[in-house]
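Dear colleague,

Please find below the sequence and structure that I am handing over to you. My notes on the metal site and the nonpolar cores follow.

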Amino acid sequence: RRGRDRAGPGGDLLGQIDAEYRAVQAGAAAFLLKPVVRDQLFATLRQISQHLTPEVTTEMEPLRLENGRAPQILLAEDNEANIQTFTSYLIAKGFNVDVARNGLDAISHTKTEKPDLIIMDIQMPHMSGLEAIEHIRNDEDPLVQDIPIVAVTALAMPGDREICLEAGANDYLSKPVSLKTLVEAVQRHLRPSTAKNDNV
Ligand code: MN
């Protein structure tokens with residue numbers, strides 16, 4: 001109970017990671033003046049994530065596809081702090097992560113690399129995540145069309161969920177997203193997709 005309070009939204013075993021994340025967020029004003037401080041914090045966060053891996057895995061085994069390969073995640077996100085935090089955490093959980101910083105890059109990466117799952121921020125420059133989802137769902141390649149997509153949106157507007165699901169997202173999370181919730185959503189949608197692909 002006490003540990004949960006300390007850990008915040010990230011969950012019990014992730015208290016140290018979340019504490020670092022909060023420190024990063026709390027220091028955001030300082031980053032504008034001293035970008036080096038931010039880089040040092042991110043480097044420290046990555047180290048801590050790595051050190052925490054053995055403990056974290058007692059809570060949830062690193063997911064492997066049936067061929068033993070680590071799942072390939074495309075993180076489509078334009079916010080650098082989120083990119084660093086999500087990427088460090090997903091890697092610590094045993095995923096491989098590629099990053100696209102706008103909707104157009106997300107589409108081209110998806111078509112060439114065919115990731116196992118896409119985490120799609122909706123508010124992105126050049127092309128929104130919503131448009132990118134629609135493009136992917138309308139792709140001529142069925143292997144691209146069917147890639148699971150978890151949509152993430154910063155503006156919790158009424159109807160957001162329906163809009164994202166209607167565009168073709170498999171799931172919807174509103175920011176701030178706890179790391180635990182994010183990984184649970186990833187694993188929930190990765191497993192059936194993997195099983196389906198293996199039967200093709
Ligand atoms: Mn964004």
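Along the chain, the donors of the manganese ion follow the spacing D-x42-D-x1-Q. In this predicted model, the protein donors are D78 (OD), D121 (OD) and Q123 (O), which lie 2.0 to 2.1 Å from the ion. D78 sits in the loop between β1 (72-76) and α5 (80-92), while D121 belongs to strand β3 (residues 117-121), so the pair ties together parts that are 43 residues apart in sequence. The two aspartates also differ in exposure: with a relative accessible area of 32%, D78 is partly exposed, whereas D121 is buried, at 2%.

The second topic is the packing of nonpolar residues. The largest nonpolar core has 21 residues, of which I118, M120, I133 and I136 touch the most other members. Two or more residues of this core come from each of β1, α6 (103-113), β3, α7 (129-137), β4 (149-153) and α9 (160-167). The largest share, 3 residues, is given by α7.

M120 may be a useful residue to display when you open the file. Leaving aside residues up to four places away in sequence, M120 touches A76, A106, G129, A132, I133, I136, I149, V150, A151 and V152. There is also a second, separate core, which consists of 19 residues and includes V97, L117, V150 and V186. V150 is thus named both among the contacts of M120 and in this second core.

With kind regards

Terms used. Residues numbered from 1 in each chain as written. Predicted model: local features only at pLDDT ≥ 70, side-chain atom pairs only at ≥ 80, totals over all residues. Heavy atoms only, no water. Donors = N, O, S within 2.8 Å, 3.2 Å for Na, K, Ca; no water. Helix = DSSP H or I, 4+ residues; strand = E, 2+ residues; numbered from the N terminus. Buried < 20%, exposed > 50% of the residue type's maximum accessible area, 1.4 Å probe, protein only. Core = buried A, V, L, I, M, F, W, Y, C linked by side-chain atoms within 4.5 Å. Contact = heavy atoms within 4.5 Å.
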